[in-house]
Amino acid sequence: MPSLKSQLYQQFGNPTGPLGALAGLVMANRDSNRRRNAWTVRQLDIQPDDRVLEVGFGPGLAIRDAAAMARDGRVVGIDRSATMQRQAHRRNRDAVADGRVELRLGEPGDLLGDYGRTFQKALAVNVFPFWTDSIAVLRQIGQLLSPGARIALTVQPRGSAATNDQARVVAARMVDALHAAGFAEVETRTLPLQPVNAVCALGTLPR
Ligand SMILES: C[S@@+](CC[C@H](N)C(=O)[O-])C[C@H]1O[C@@H](n2cnc3c(N)ncnc32)[C@H](O)[C@@H]1O
């Protein structure tokens, strides 16, 4: 029988049930998680009237920060976990009630029917490693972005064996995937963190 710790780790890709709720609490309260979410939002230079898309919002930390910046715009999040949708809703109750934030259940492709090239900014924090076909997902996200839109993909490797070398390898994979999905002006930035750095790959959808 796997240990409770390893069962908890398995929850982060699609949190469900009581252990998934616990994983959400860990994500919402762990200092490194809070810092990498706040930092990622800051990389996007969000303007007051921007429309922002977050894929894999988890407990909703970045949704809250993005909504504070896009105060005359709108923030739409999509996550495949109903457990995370409930936690993110609690964290963003007022903004959801007044229509500035929408939290959808599903995957990015599920938004294509409802949204055209709507969003000026997009982000995904510690979600890229869960995409089995990251280029396909990024192409779907690209179909939701307006020309010139900016995307930020951040990963901080987790687990007892995580290293800064792993962070660099993930950064290179994100850069390759962004290029392959048609994004330009691709660059990486690093947030020094303990126990392991977070890396962000940024790209722009060509006009
Ligand atoms: C490790 S958590 C990170 C949550 C949040 N971004 C954070 O940093 O606090 C990964 C989240 O991405 C969601 N997720 C993973 N793959 C997804 C996909 N293809 N579509 C939608 N959500 C996804 C999971 O349900 C989970 O809530």
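Strands here are DSSP runs of E with at least two residues, numbered from the N terminus. With that in hand, welcome to a short set of close-ups of this predicted model.

**View 1. A cis peptide bond at proline 195.** Our opening stop is the loop between β6 (184–191) and β7 (198–204), where proline 195 lies. The peptide bond that joins glutamine 194 to proline 195 is cis, with omega at about 0°.

**View 2. Asparagine 126 and its positive phi.** Here we look at the loop between β4 (119–125) and α7, which holds asparagine 126. Its phi is near 55°, and this positive value occurs in a residue other than glycine.

**View 3. The surroundings of the ligand.** In this view, 25 residues surround the ligand. The closest are Asn33, Asn37, Gly56, Asp79 and Val125. Val125 places a backbone N or O atom 2.8 Å from a nitrogen atom of the ligand. For Asn37, an N or O atom of the side chain is 3.1 Å from a ligand oxygen atom. Glutamate 107 joins in too, with a polar side-chain atom 3.2 Å from a nitrogen atom of the ligand.

**View 4. Helix α2 against helix α5.** Two packed helices are described by the angle between their axes and the distance between the axes. For helix α2 (residues 17–29) and helix α5 (residues 82–91), the axes come within 9 Å and cross at roughly 40°. That angle makes α2 oblique to α5, and the crossing is right-handed. On the α2 side, the contact is made by Gly17, Gly20, Ala21, Gly24, Leu25, Met27 and Ala28. Facing them from α5 are Thr83, Met84, Gln87 and Arg91. Sorted by class, the residues in the contact of α2 with α5 are five nonpolar, five polar and one charged.

**View 5. Helix α7 against helix α8.** The final close-up shows helix α7 (residues 134–142) and helix α8 (residues 164–180), whose axes come within 9 Å and cross at roughly 55°. The two helices, α7 and α8, are therefore oblique to each other. Their crossing is right-handed. Ser134, Ile135, Leu138 and Arg139 are the residues of α7 that meet Ala177, Leu178 and Ala180 of α8. By class, the contact of α7 with α8 comprises five nonpolar residues, one polar and one charged.

How values were computed
Residues are numbered from 1 along each chain as its sequence is written. This is a predicted model: local features need pLDDT of at least 70, side-chain atom pairs count only at pLDDT 80 or more; totals for chains, interfaces and linings use all residues. Side-chain values use heavy atoms; hydrogens and water are left out. Axes are lines fitted to C-alpha atoms, for helices over the stretch in contact, and angles run from 0 to 180 degrees between N-to-C directions. Helices (H or I, at least four residues) and strands (E, at least two) are DSSP runs, numbered from the N terminus. Angles under 35 degrees count as roughly parallel, over 145 as roughly antiparallel, 65 to 115 as roughly perpendicular and the rest as oblique. A crossing is left-handed if the near helix is turned anticlockwise from the far one by less than a right angle, and right-handed if clockwise. Contact means heavy atoms within 4.5 Å. Ala, Val, Leu, Ile, Met, Phe, Trp, Tyr, Cys and Pro count as nonpolar, Asp, Glu, Lys and Arg as charged, and the others, Gly among them, as polar. A residue is near a molecule or strand if one of its heavy atoms lies within 4 Å of it. A polar contact is a pair of N or O atoms within 3.5 Å; within protein, one must be able to donate a hydrogen and the other to accept it, and residues adjacent in sequence count only if both atoms are side-chain atoms.
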